[in-house]
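Biologist: I am new to this one and would love a guided tour. Could you show it to me, and then let me ask about it piece by piece?

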Amino acid sequence: ELTDEQASKVAALEDAGVAVIRLDDRPGWHEASMLPKRMAVFLDEIEKRAGAPPLRVRGPKHMHTVVYRNPKDGTLAVALCNDWGWFHSIRPRPGENPEDDPRFIGNVPEIASCRKIEIELDEALKKPSEIWEAVSGKPVQVSRRNGGSVVAVPDFQIQSMVVFYNPRAQL
């Protein structure tokens with residue numbers, strides 16, 4: 001439900017050509033059994049309206065991704081981070097030596113590496129003049145697929161940052 005002011009602002013956006021997606025207001029959003037169905041319909045509508053994204057990251061489910069774009073020169077930075085569920089944080093109490101405390105010894109779980117990660121650039125993005133992995137300095141491999149570029153990100157445990165210099169979209 002929108003107030004009159006909100007409705008007028010939404011109408012102005014629609015008049016300007018902005019795609020507005022309205023949630024299905026039928027019951028079910030608050031019911032756990034109905035939520036997946038309602039969410040699927042909502043996401044399908046977003047995909048239909050938005051079209052294909054110019055950049056996609058494919059990797060393990062536990063990995064997080066944030067993409068930054070410099071508005072001045074078009075440089076993209078794709079920040080990749082492993083899930084932090086493995087992080088073990090205990091502070092020693094004043095006077096305690098963590099090396100002698102059993103809470104600190106052998107309690108750090110093994111970190112699952114992020115492997116076989118690909119960043120796909122749509123053909124709408126110009127071929128970057130330079131691509132590099134900024135955390136490790138390892139080289140990246142670039143191939144072509146379906147008219148776009150595919151970057152194979154080096155495996156990592158904690159984080160990675162792939163920088164695409166000047167891939168300004170030609171949209």
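Modeller: Gladly, and please keep in mind that this is a predicted model. Let me begin with Glu45, whose relative accessible area is 23%. Buried would need under 20% and exposed over 50%, so Glu45 counts as partly exposed.

Biologist: Thanks! Which residue forms a salt bridge with Glu45?

Modeller: The partner lies in helix α2, as Glu45 does, and the two are three residues apart, about one turn of the helix. The closest N and O atoms of the pair are 3.3 Å apart. The partner is exposed, with a relative accessible area of 64%. Glu45 forms this salt bridge with Lys48.

Biologist: How far does α2 reach from its first C-alpha to its last?

Modeller: Helix α2 covers residues 35-50, which gives it 16 residues. The expected span is 1.5 Å times one less than the number of residues. For α2 that comes to 22 Å, and the model is close to it, with a reach of 22 Å.

Biologist: Which residue with a positive phi follows α2?

Modeller: Its phi is near 80 degrees. A residue with positive phi, about 95 degrees, also comes just after α1, namely Gly17. The one that follows α2 is Gly51.

Biologist: Staying with α2, is Leu43 buried, partly exposed or exposed?

Modeller: Leu43 lies in this helix and belongs to a nonpolar patch on the surface, together with Met39 and Ile46. The three have about 230 Å² of accessible area together. Exposed would require over 50%, and Leu43 has 46% relative accessibility, so the label is partly exposed.

Biologist: Now to helix α1. What should its span be at 1.5 Å a residue?

Modeller: Helix α1 runs over residues 4-15, so there are twelve residues to place. The C-alpha atoms at its ends lie 16 Å apart in the model. That agrees with the expected span, which is 16 Å.

Biologist: Which residue of α1 meets Glu5 in a salt bridge?

Modeller: The two residues are four apart in helix α1, which means they are separated by about one helical turn. Their side chains come to 3.7 Å, N to O. Both ends are exposed: Glu5 has a relative accessible area of 53%, and its partner has 52%. That partner is Lys9.

Biologist: How many salt bridges does a search of the whole structure find?

Modeller: Besides those within helices, there is one between Asp155 and Arg115, at 3.5 Å, N to O. Asp155 is in the loop between β7 and β8 and Arg115 in the loop between β3 and β4, so this pair ties together parts that are 40 residues apart in sequence. A network of salt bridges also links Arg56, Arg58, Glu118, Glu120 and Arg145. The search of the whole structure finds eight.

Biologist: One more, please. Which residue is joined to Ser149 by a polar contact between side chains?

Modeller: Ser149 is found in strand β7 and is buried, as its relative accessible area is 6%. Leaving out residues up to four places away in sequence, Ser149 touches several others, including Ile119, Leu121 and Val142. The polar contact is 3.1 Å, and the side chain at its other end is that of Arg144.

Conventions
Residues are numbered from 1 along each chain as its sequence is written. This is a predicted model: local features need pLDDT of at least 70, side-chain atom pairs count only at pLDDT 80 or more; totals for chains, interfaces and linings use all residues. Side-chain values use heavy atoms; hydrogens and water are left out. Patches are made of residues with over 30% relative accessible area and no salt bridge: like charges are joined within 9 Å, nonpolar side chains (Val, Leu, Ile, Met, Phe, Trp, Tyr) within 5 Å. Accessible areas come from the Shrake-Rupley method with a 1.4 Å probe; for residues, only the protein chains shown count as cover. A salt bridge is a side-chain nitrogen of Lys or Arg within 4 Å of a carboxyl oxygen of Asp or Glu. Buried means under 20% relative accessible area, exposed over 50%, partly exposed in between (1.4 Å probe, protein chains only). A polar contact is a pair of N or O atoms within 3.5 Å; within protein, one must be able to donate a hydrogen and the other to accept it, and residues adjacent in sequence count only if both atoms are side-chain atoms. Contact means heavy atoms within 4.5 Å.
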